[in-house]
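Visitor: I am new to this structure and would love a close look at one single part of it. Could you walk me through it step by step?

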Amino acid sequence: MINIKEEIANSIAKTVNLDEKELANYIEIPPNSDLGDYAFPCFKLAKELKKAPPMIANEIKEKIVIDENILEKVEIQGGYLNFYVNKQMLAKEVLTELDNKKEKFGSVNIGEGKNVVIDYSSPNIAKPFHIGHLRSTVIGGALYKIYKFLGYNSVGINYLGDWGIQFGKVMTGLELWKDEYDLSNNTIDAVLKIYVRFSKEEKEKPEMTDMARQAFKKLEDGDKQALETWKWLREISLANYEKTYKLLNAKFDSYNGEAYYNDKMDKVVEELEQKGLLKDSQGAKIVDLEEFDMPPCIIITSAGTTIYATRDLTSLEDRINKYDFEKALYVVGNEQQLHFKQVFKVLELMGYEKYAKRCEHIPFGLVVDKDGEKIGSRKGNSVLLEDILNEAIEKVKNIINEKNPDLPDKDEVARKVGVGAIIFNDLSNSRIKDEIFDWDMLLNFQGETGPYIQYIYVRTNSVLTKAGYTPSIKDVDFSKVTEKEAFDIIKLLYSFSDVAIQAAAKNEPSVISRYLIDLSQAFSNYYNQYHILTDDKAIQDARLYLTYAVGIVLKTGAELLGMEMPDRM
RNA sequence: GCAUCUAUAGCUCAGUAGGAUAGAGCGCUCCCCUCCUAAGGGAGAGGUCAUUGGUUCGAUUCCAAUUAGGUGCACCA
């Protein structure tokens, strides 16, 4: 597609003796479309050219040659040069491109041949899969899809916490209270209850922790029966997660968890030793990071066991060898930033500077209720992610029954809307901020919510259906969709690629969510201002095609976030 | 104490690598069901961009300090 900024920068470059790439960076979008579609602030050149900004603007305007097929006019406004885009040209460019690429509209291949390894979700097996895991799963999943959209080869890794003392706890609990729980039915539920009960009781009886440690030691030593139980626990947990992952539309390329690295850690420890990085301290083996103003990174505990830093380093080395990654992203909570800073620094000290620079921790805030309290911290009610998703679906079903009881496929619509609402709520603000989980807000059909985006999409759909319209770019007279409201849409569609690129650059899915809100609002504006269905066939066809275009981009964008669009609701 | 994140309308948040009059949504006030879903539309009120300095032609944006809140700081992940 045409690059208008480049065109403008080119034209300006010919009048002043400056680099066009630099000029292109200066170009901005005016706050208000009366002031044009693109603006060049001449203040930036004042110093270099040693002239007053309005004078520069005047000189450029006099000398500049613009291609009238692309730019309608140039105007001076204070120190700004305002450029007005040829509306028909842009409508044609955008809609033709959309016709060519359809669902792929906006995708690019800037990432071709590059691997992006994304570590996300990563629940601890045998522990509850709760609301706290939502964010990592959803943010990571969105980044996975966004990078793919940009041509990267995304590798999604669910780094399962499938090794550790929690197994000792569950196994001990199983032995102690076997008869109190019904394991034949709803097994996973019983296991979770045992884990929760054990964690509670061990606070008062420290000897239970020792029992758990010994049970885990048995597992580490390769006890046959313990290993059997571990396998069984891992299996039923995974099967349980799959249900949630299916609801959330989350997919992974690898489920290699901590257990997978169990026998590979010795090598890394040895490597650290050889490179002279390990130091004895208080009975533990550490990498001293004092000169980098960080606490030491523990590699081997005083009990002689490995720790998560050891496992992260091991898996990192493995990922370097396997994927030779361009980026390695860790979608993990805010509270672990020091840990990752340490691990990446140790990796650098080991001689992998190149890869250490490519590692990035993608932190995010907590999920809190509307009073600002962490969900599940005090109120002990259900915080299992699966339950929350099902609750959302149930709530949407109730709304549908109330408002639109004759709707076909109610169950499917309820699923798409309910889950979509939760996903969108999670991704609609900057990830670093705490996410407020408030049923009334996130399920609202008005406002900046998932259901609103879906509702607008359904509107585009229903208009097309009503008109019995088969989209065909050949019938479109582009001069019929250049009203202000339509042109706002065209400009938004035009920027879709840039939005995706920016989302990846900042590793921030909310860039996409905000865009979807803007696009929905722009369409809603247009829809309310003009009758899409009119007697004039040329106008109607053009408007219908634009409607069709909006629908496609809304759907593509929503899918990048992991949402599904219902056909009606 | 040190590190780090956050602070914009009553509430929840956007704010495009410093730029033109700081934008949405919710809530609130008023108006509108003879148009395509009232799960709607229109209009309006609502701001010292936490404070103070600095850099600059220009700061909500960058820097420093201060204040308030969150999180993390040795064998849990």
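Visitor: Which residue takes a positive phi just after H12?

Guide: Happy to help, and please keep in mind that this is a predicted model. The residue is Asp-324, where phi is about 45°. Now let us step back into the helix itself. H12 covers residues 308–323, which makes 16 residues. At 1.5 Å a residue, H12 should span 22 Å, and its end C-alpha atoms are 21 Å apart, so the two agree.

Next, look at how H12 sits among its surroundings. Its buried residues are Ala-309, Thr-310, Arg-311, Asp-312, Leu-313, Thr-314, Ser-315, Leu-316 and Arg-319. Several elements help to cover them: the strands E4 (115–119), E8 (297–300) and E9 (327–331) are included, as are the helices H11 (265–274) and H13 (337–349).

One of these covering helices, H13, leads us on to the RNA. H13 is among the elements that each supply at least two residues of the surface near RNA strand B. Helix H18 (450–467) is another of them, and H18 gives the largest share of that surface, five residues. Around RNA strand B there are 61 residues, of which Ala-39, Phe-43, Thr-301, Ser-430 and Gly-447 come nearest. By type, the residues of this surface divide into 27 nonpolar, 26 polar and eight charged.

Conventions: Residues numbered from 1 in each chain as written. Chains lettered and ligands numbered in written order. Predicted model: local features only at pLDDT ≥ 70, side-chain atom pairs only at ≥ 80, totals over all residues. Helix = DSSP H or I, 4+ residues; strand = E, 2+ residues; numbered from the N terminus. Expected span 1.5 Å × (residues − 1). Buried ≥ 20, exposed ≤ 12 C-beta atoms within 10 Å, placed from the backbone. Contact = placed C-beta atoms within 7 Å. Near = placed C-beta within 6 Å. Nonpolar A, V, L, I, M, F, W, Y, C, P; charged D, E, K, R; others polar.
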